[in-house]
Amino acid sequence: MSKVWDRTFKKHHHPLNRRSLVFPAMSTPTATPTSSYSEGDSPSAEPEIEHVDRHLPNGDFYTGDWRAGRPHGTGKYLWTDGCVYEGEWRRGRATGRGKFLWPTGATYEGEFQNGFMEGFGTYTSCSGDTYWGNWLQSLKHGHGKKSFPNGDYYDGEWKHGFRDGHGKYVWKNGNEYSGDWMAGAIHGRGLLVWADGYRFDGVWKDGLPNGSGTFKWPDGSLFVGCWSMESGTLQQRGVYYPSLNPTSPTARDPEMFFTLGRSDFEVCPEEVLTVMPTMKKLWFRGPSKSAISFAGLTLEDGEVEDDWDEGAMTPPMMRWPPMEIKRQGETICEGHRNYELMLNLQLGIRYAVGKQSAPTSFDLKASAFDPKEKVWTRFPPEGSKHTPPHQSCDFRWKDYCPMVFRTLRKLFKVDPADYMLSICGDNALRELSSPGKSGSFFYLTSDDKYMIKTVKKAEVKVLLRMLPSYYKHVRAFENTLVTRFFGLHCVKLAGTTQRKVRFVIMGNLFCTEYPIHRRFDLKGSSHGRITDKPETEIDETTTLKDLDLNFIFRLQKSWFQEFCRQVDRDSDFLEQERIMDYSLLVGVHFLPADESEMRTNGTPRAEDTDLTRWSTTKLGIGMPARVEQIVRTDVVSDLIGEPTGEFHSVILYFGIIDILQDYDISKKLEHAYKSMQYDPTSISAVDPRLYSKRFRDFIFRAFTEDL
């Protein structure tokens, strides 16, 4: 077997050092199948495990345990590009202890979960730096230690691949920092000690002092002051206190230590893996039987051929149900009724973002939130002193509170160039018809990152009124679920009509590599909260409502607790702003699973609980969960039905949307009119306090802890 392996390996010119190919000893290959089911089980319930050596149709090679047409047990997989994985498998996915080797010479040895490097493991790069510690979804996450090729060393907390939390960094020259980090940079409270005795204890931001602090010389002299970045330059203000030593200078300035001497405490950047284990494709035999997913989508007999089928190290993008997902919207091309409007919008965004300088601070003056803080710019077709010539009609462009939204984009970590490219690039926007009753139109960028919504004048007024509180709220709570706003603009068309079109630019909740198979808009009310489509027409683009909900969402304990806290915070904020009619938009991606993994009782098997270890960067974005199917006895009044004990693993995306409707006179009249015809507690138009309570009560029944 080893000779076959070596010949295959040499054939593809693998550049790794031969010593890095020393794998744990393998058992002697045998063609004798071994039983994988316990006494009393029927042989048909669990297929037998056999040992195989497979040269796959695409040139890959696999040797190891095999069950039901895919790796299961222990085995070794070699890709034609030279990547290698050897270790434990479960149902065709790398799960358990294993080792992954890159063609560059980099290696990872440790725990895997569903194809991700997850758990404890050691990674050594081709340049020689080594990380020992915890991983989550192939990213350094938790406590870990790392040594760098230049001799630097870090011991501390990591988050999603970056130094984040409390940690200690020791430079080769002897300098040492101990304190807070954020997104890979020194950020927060910390102490920097130079090898020759100088010390700074204070507040940091992006690797430089920013806030109050104390600088101490080796002789005991102190400089107590405050540091800040102003116009790209580090500024300091403070008082110097000489030591009692008579030889101490009467005046000193620590500025040189943070400007000329900055290289003494620059940290090594993190290596970016261009090929993750989860990106590697596998080839294994697909099931030859028809299958029905928990999502209710069916593979008919013959849809999956009994032949080699392309899979993935990680749960693939819903191989069954089929991964072909409809792309929403109509592309706005020349001749479209809103083609010129799109051009105007793109011209305005390109102009507004391009001329703005990056904000230097998150602390904004009250004047920045003034509703009168708006800028009108005229865009004649022939161009002007400030605007370029263009092929569209003459129009005027208005920016509302540009400084605030510019700072919000920075707060949300949006790169200005990427933002402008997404909206104003060569690719056209896609127009969606309104999924609600507002009559608004929605436009999606080609990369699905941003959604542009036309809004009424009243909604603009609401957003401008609540903007100071909104800014304070999203700044205080990083995991807020409320809509992220990136810009508020108006296009005024020239001519006799003088039509004004107002836009708000938001983040698209469903910008994800995983296709969304079901989407729900949940308010907690029952009147009219059911889709009007026949069941045969419901697909992945249909927005279902409260009475269509046929699942309970079960979250892992820590995520559920954070979810409850954040829903309470966001609901309190919206209630204080007199906002109602908002909803929780939920997108569900069903992970593929065998019919044998479908649960018929509420107690999951031990291996199922491993899925709760999945995590992601933000609450509501790519969250691992399970859903339990429910059945309603009374479709009209029973908002949450009875659980059936049938579970399925999913990935969830959710957020609170439609937060620009206040309880104005029109909503009060709507409440009075409908209350005479229907149960007042069942309608959407109710007082914000009652709306907030009803919303929370319903959401906390629809989402529960996965016990």
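Is Asp-697 buried, partly exposed or exposed? Select Asp-697 and look: with a relative accessible area of 39%, Asp-697 is partly exposed. Keep in mind as you go that this is a predicted model.

**Stop one: helix H9**

Stay on Asp-697 and add Lys-693 to the selection. The two form a salt bridge, with the closest N and O atoms 3.0 Å apart. Both sit in helix H9 (residues 688–702), and because they are four residues apart there, about one helical turn separates them. Lys-693 counts as exposed, at 52% relative accessibility. Now pick Asp-568, Asp-572, Glu-575, Arg-689 and Arg-696: salt bridges with shared partners join these residues into one network.

**Stop two: more salt bridges**

The whole structure holds 24 salt bridges, so here are two others to pull up.

Select Asp-129 and Lys-146, whose side chains meet in a salt bridge at 3.2 Å, N to O. This pair links distant parts of the chain: Asp-129 is in the loop between E7 and E8, while Lys-146 is in strand E9 (residues 139–147), 17 residues apart. Asp-129 counts as buried at 5% relative accessibility, and Lys-146 counts as buried at 2%.

Next, go to Lys-453 and Asp-658, another salt bridge, where the closest N and O atoms are 3.8 Å apart. Lys-453 lies in strand E27 (residues 450–455) and Asp-658 in the loop between strand E35 (642–657) and helix H8 (665–675), so this pair ties together parts that are 205 residues apart in sequence. Lys-453 is buried, with a relative accessible area of 8%, whereas Asp-658 is partly exposed at 35%.

**Stop three: an open sheet**

From Lys-453, colour the sheet that includes E27. Eight strands make up this open sheet, in the order E22-E25-E26-E27-E29-E28-E24-E23, with antiparallel pairing. At the edges are strand E22 (330–331) and strand E23 (374–379), each pairing on one side only. Zoom in on strand E25 (residues 430–432) and strand E26 (residues 442–444), which pair in the antiparallel sense over three bridges. Click Glu-431 there, and you'll find its bridge partner in E26 is Tyr-443.

**Stop four: the E16–E17 hairpin**

Which way do E16 and E17 run, parallel or antiparallel? Show strand E16 (residues 222–230) with E17: they run antiparallel, joined by nine bridges. Cys-226 has Arg-237 in E17 as its bridge partner. The hairpin has two residues between the strands, and Ser-231 takes a positive phi near 55 degrees.

Now put a surface on and select Val-224, Val-239 and Tyr-241. They form a nonpolar surface patch, together offering about 250 Å² of accessible area. Val-239 is in strand E17 (residues 233–241) and counts as partly exposed at 42% relative accessibility.

**Stop five: rings**

There are 47 aromatic pairs in the whole structure. Try Tyr-123 and Trp-135, an edge-to-face pair at 6.3 Å centre to centre, with 70 degrees between the planes. Tyr-123 is in strand E7 (residues 116–124) and Trp-135 in strand E8 (residues 130–136), twelve residues apart. Both Tyr-123 and Trp-135 are buried.

Then move to Tyr-198 and Phe-215, a tilted pair at 6.3 Å centre to centre and 35 degrees between the planes. Tyr-198 is in the loop between strand E13 (185–193) and strand E14 (199–205), and Phe-215 is in strand E15 (residues 208–216). Tyr-198 and Phe-215 are buried.

To finish, select two charges over rings. Arg-54 lies over the face of Trp-66, 5.0 Å from the ring centre, and Lys-410 lies over the face of Phe-362 at 5.4 Å.

How values were computed
Residues are numbered from 1 along each chain as its sequence is written. This is a predicted model: local features need pLDDT of at least 70, side-chain atom pairs count only at pLDDT 80 or more; totals for chains, interfaces and linings use all residues. Side-chain values use heavy atoms; hydrogens and water are left out. Patches are made of residues with over 30% relative accessible area and no salt bridge: like charges are joined within 9 Å, nonpolar side chains (Val, Leu, Ile, Met, Phe, Trp, Tyr) within 5 Å. Accessible areas come from the Shrake-Rupley method with a 1.4 Å probe; for residues, only the protein chains shown count as cover. A salt bridge is a side-chain nitrogen of Lys or Arg within 4 Å of a carboxyl oxygen of Asp or Glu. Buried means under 20% relative accessible area, exposed over 50%, partly exposed in between (1.4 Å probe, protein chains only). Rings of Phe, Tyr and Trp (its six-membered ring) pair if their centres lie within 6.5 Å; planes under 30 degrees apart count as stacked, over 60 as edge-to-face and the rest as tilted. A charge sits over a ring if NZ of Lys or CZ of Arg is within 6 Å of the ring centre and within 35 degrees of the ring normal. Two strands pair if DSSP finds at least two bridges between them.
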